[in-house]
Amino acid sequence: PLESETYWGECQELIVNSPNNVTMEYKGRLEAEKAKHIAKQYDCCFLPTLSENYGYTIEEALCCGCPVLISRGTTPWDDLHGVAGFAGSLNDEDSFVYELEKIASMGDLEYKDYCSGIAKYLENKLSYDKLCMKYKELIYKVAQTRNKL
């Protein structure tokens with residue numbers, strides 16, 4: 001949603017002044033139930049952010065088989081680097097440019113190969129058994145700490 005006129009003005013300026021090989025357009029507010037269908041239409045999800053919590057947009061893109069390019073250190077998704085996309089430092093703009101150009105220059109087979117690790121990555125990352133084990137470990141640690149008090 002357009003919340004800040006100043007920020008939107010900066011975005012419009014970037015859109016107008018973008019190079020000929022770059023297409024940008026504002027798509028409006030996206031309803032949550034439509035998000036998974038939208039990600040399938042794109043070659044990557046580019047989300048270099050200063051602050052993020054869990055990163056539901058990242059998860060939704062990955063579930064659609066769409067690689068993501070994210071800022072490192074802002075979400076629990078840093079481990080996708082090199083497997084399901086790219087996690088880089090916001091201080092290294094050239095790395096993001098390199099990754100975007102790499103994806104843009106891929107042919108269909110190379111892109112398919114690039115995306116091939118996404119499903120396996122998600123299977124490991126979102127494994128119910130592993131998540132249950134982590135929660136049990138956390139509860140056990142909290143219980144031990146509490147017993148020591």
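User: Let's start in the sheet: which residue of E2 is the bridge partner of Cys-45?

Analyst: Keep in mind that this is a predicted model. E1 and strand E2, residues 68-71, pair in the parallel sense over three bridges. Within that pairing, the E2 residue that partners Cys-45 is Val-68.

User: In what order do the three strands of the open sheet sit?

Analyst: The pairing in this open sheet is parallel. Strand E1 (45-47) and strand E3 (85-88) are the edge strands, each pairing on one side only. With those two at the edges, the order reads E1-E2-E3.

User: By what angle are neighbouring strands of this sheet turned against each other on average?

Analyst: The three strands pair in parallel. Ignoring direction, the average turn between neighbours in this sheet is 10°.

User: Over how many bridges do E2 and E3 pair, and which residue of E3 does Ile-70 stand opposite?

Analyst: E2 and E3 run in the parallel sense, and their pairing covers four bridges. Within E3, the residue opposite Ile-70 is Ala-87.

User: Which residues point the same way as each other from E3, and are they buried or exposed?

Analyst: Gly-85 and Ala-87 point one way from the strand, while Phe-86 and Gly-88 point the other way. Buried here means under 20% relative accessible area. For all four of these E3 residues, the call is buried.

User: At about what angle does helix H4 run to E2?

Analyst: Helix H4 covers residues 93-104 and lies across E1, E2 and E3. Taking its direction against E2, the angle is about 175°.

User: H4 also holds a salt bridge, so how far apart in the helix are Glu-99 and Lys-102?

Analyst: Their side chains meet in a salt bridge at 3.3 Å, N to O. Glu-99 counts as buried because its relative accessibility is 9%, whereas Lys-102 is partly exposed at 28%. Along helix H4 they are three residues apart, which means a separation of about one helical turn.

User: How many salt bridges does the structure hold?

Analyst: One of them joins Glu-25 and Lys-27, with the closest N and O atoms 3.3 Å apart, and both of those residues are exposed. Another is the Glu-99 and Lys-102 pair. Asp-79 and Lys-125 also form one, with their closest N and O atoms 3.2 Å apart. The total is three.

User: How many residues apart in sequence are the parts that Asp-79 and Lys-125 tie together?

Analyst: Asp-79 is partly exposed at 44% relative accessibility, and Lys-125 is partly exposed at 24%. Their salt bridge has a closest N to O distance of 3.2 Å. Asp-79 lies in the loop between E2 and E3 and Lys-125 in helix H6 (residues 118-125), so the parts they tie together are apart in sequence by 46 residues.

User: Is Met-106 buried or exposed, and which residues does it touch?

Analyst: Met-106 is found in the loop between H4 and helix H5 (108-115). Its relative accessibility is 13%, so Met-106 counts as buried. Leaving out residues up to four places away in sequence, Met-106 touches Tyr-111 and Tyr-114.

User: Over to the surface: about how much accessible area does the nonpolar patch with Leu-138 have together?

Analyst: Leu-138 has its place in helix H7, residues 128-148, and is partly exposed at 48% relative accessible area. The patch joins Leu-138 with Leu-131, Tyr-135, Ile-139 and Val-142. Together, these residues have an accessible area of about 500 Å².

Key:
Residues numbered from 1 in each chain as written. Predicted model: local features only at pLDDT ≥ 70, side-chain atom pairs only at ≥ 80, totals over all residues. Heavy atoms only, no water. Patch = residues over 30% accessible without salt bridge, like charges linked within 9 Å, V, L, I, M, F, W, Y side chains within 5 Å. Areas by Shrake-Rupley, 256 points an atom, 1.4 Å probe, with all protein chains shown as cover. Salt bridge = Lys/Arg side-chain N within 4 Å of Asp/Glu carboxyl O. Buried < 20%, exposed > 50% of the residue type's maximum accessible area, 1.4 Å probe, protein only. Pairing = 2+ DSSP bridges. Axes fitted to C-alpha atoms, helices over the stretch in contact; angles between N-to-C directions. Contact = heavy atoms within 4.5 Å.
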